[in-house]
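Hi there,

Here is the structure I promised to pass along. Have a look at it first, and my notes come straight after.

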Amino acid sequence: MKTNNKTIRRLFSKHIIRFFTVALITLVSISFIYGILEVESKIKTAMNDFYIEHSMHDIYIKSKKPMGFSKTDIEKIENEYGKDNIVKSFCYELEIDSKITRVYSYDLESSINQLELIEGTFPTKPNEIVVERKTKIIDGYDVGDKVSLQGMEYTVTGIVYNPLFIMVQEEPSF
């Protein structure tokens, strides 16, 4: 037993630098992995909170047909998920000032995918619209600006933050 203890002490004293180096590498590795796992859980929690705060949809269904879903398709979806759990809308693309612009319809009464008003008011008349806030890739409008869409003129009454646009993702045109 004494010989064994002497041998262990001799090995540690002779190779103490190696021991501390391996221990330090192990400690740094464990800390790094723990840090990555902690960040992942915080991101998941933040996204979950964001989805709840803005009443984000669970499923987003798009039609590839030029005229959208048929009445039969809509009835099937309503029967599957319930009329109160569905928000029907449309979107189309057009060219304004040599730029492709995507226009969305939006149900302001819906509790799903709630818009957050940054400035101005929500539309109250048929010739009023709200626009998405200005970003690096989205040109902005100001409250009171006039926008012409397919021969009709609309007044911008508000600027909104749309929870549907939380990331930049290439998407094919319809």
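Below is what I found, going from the whole chain down to a few single residues.

First, the ground rules. This is a predicted model, in which local features need pLDDT of at least 70 and side-chain atom pairs count only at pLDDT 80 or more, while totals for chains, interfaces and linings use all residues. Residues are numbered from 1 along each chain as its sequence is written, and side-chain values use heavy atoms, with hydrogens and water left out.

**The chain as a whole**

The protein chain has 3 helices and 6 strands (DSSP runs numbered from the N terminus: H or I over at least four residues for helices, E over at least two for strands). From the N terminus, the order is α-α-α-β-β-β-β-β-β. Mean pLDDT (the predictor's confidence in each residue, from 0 to 100) is 80 for the protein chain, and 90% of its residues reach 70 or more. Among the elements, α3 has the highest mean, 88, and strand β1 (residues 91-96) the lowest, 72.

Of the 174 residues, 17% count as buried (buried is under 20% relative accessible area, exposed is over 50%, and partly exposed is in between, using a 1.4 Å probe and protein chains only). As for contacts (heavy atoms within 4.5 Å), take those between residues at least 6 apart in sequence: 59% of them join residues at least 24 apart.

**The core**

The largest nonpolar core (buried Ala, Val, Leu, Ile, Met, Phe, Trp, Tyr and Cys residues joined through side-chain atoms within 4.5 Å) is made of Leu-94, Val-103, Ile-129, Val-131, Val-147, Leu-149, Tyr-154, Val-156 and Ile-159, 9 residues in total. At least two residues of this core come from each of β4 (128-132), β5 (146-149) and β6 (152-161), and β6 gives the largest share, 3 residues. Setting aside neighbours within four places in sequence, Val-103 touches Phe-90, Cys-91, Tyr-92, Leu-94 and Leu-149.

**The second largest pocket**

A pocket here is an open set of points, on a 1 Å grid over the protein atoms alone, with protein on both sides within 12 Å along at least five of seven lines; lining residues have an atom within 4 Å of a point. The second largest one holds about 1,200 Å³ of space (the volume filled by probe spheres set on the points, which are joined across faces, edges and corners). Its lining has 37 residues, and Ile-61, Phe-69, Val-87, Lys-88 and Ser-89 are the ones nearest the centre. By class, that lining splits into 19 nonpolar, 9 polar and 9 charged residues (nonpolar is Ala, Val, Leu, Ile, Met, Phe, Trp, Tyr, Cys and Pro; charged is Asp, Glu, Lys and Arg; the others, Gly among them, are polar). Both α3 (71-81) and β2 (99-104) supply at least two lining residues, with α3 giving the largest share at 4 residues.

**A few single residues**

Glu-78 sits in helix α3. Is Glu-78 buried or exposed? Glu-78 counts as buried because its relative accessible area is 13%. Beyond neighbours within four places in sequence, Glu-78 contacts Lys-83, Ile-86 and Lys-88.

Tyr-60 lies in the loop between α2 (16-53) and α3, and is partly exposed at 41% relative accessible area. With neighbours within four places in sequence left out, Tyr-60 contacts Tyr-104 and Leu-164. Tyr-60 and Ile-86 are 26 residues apart in sequence, with 9.7 Å from C-alpha to C-alpha.

Ile-59 is also in the loop between α2 and α3, and is partly exposed at 48% relative accessibility. Ile-59 and Ile-86 are 27 residues apart in sequence and 9.5 Å apart in space, C-alpha to C-alpha.

Cheers

How values were computed. 1 Å grid on protein atoms, 1.4 Å probe; cavity = no way out; pocket = protein on both sides within 12 Å on 5 of 7 lines; lining within 4 Å.
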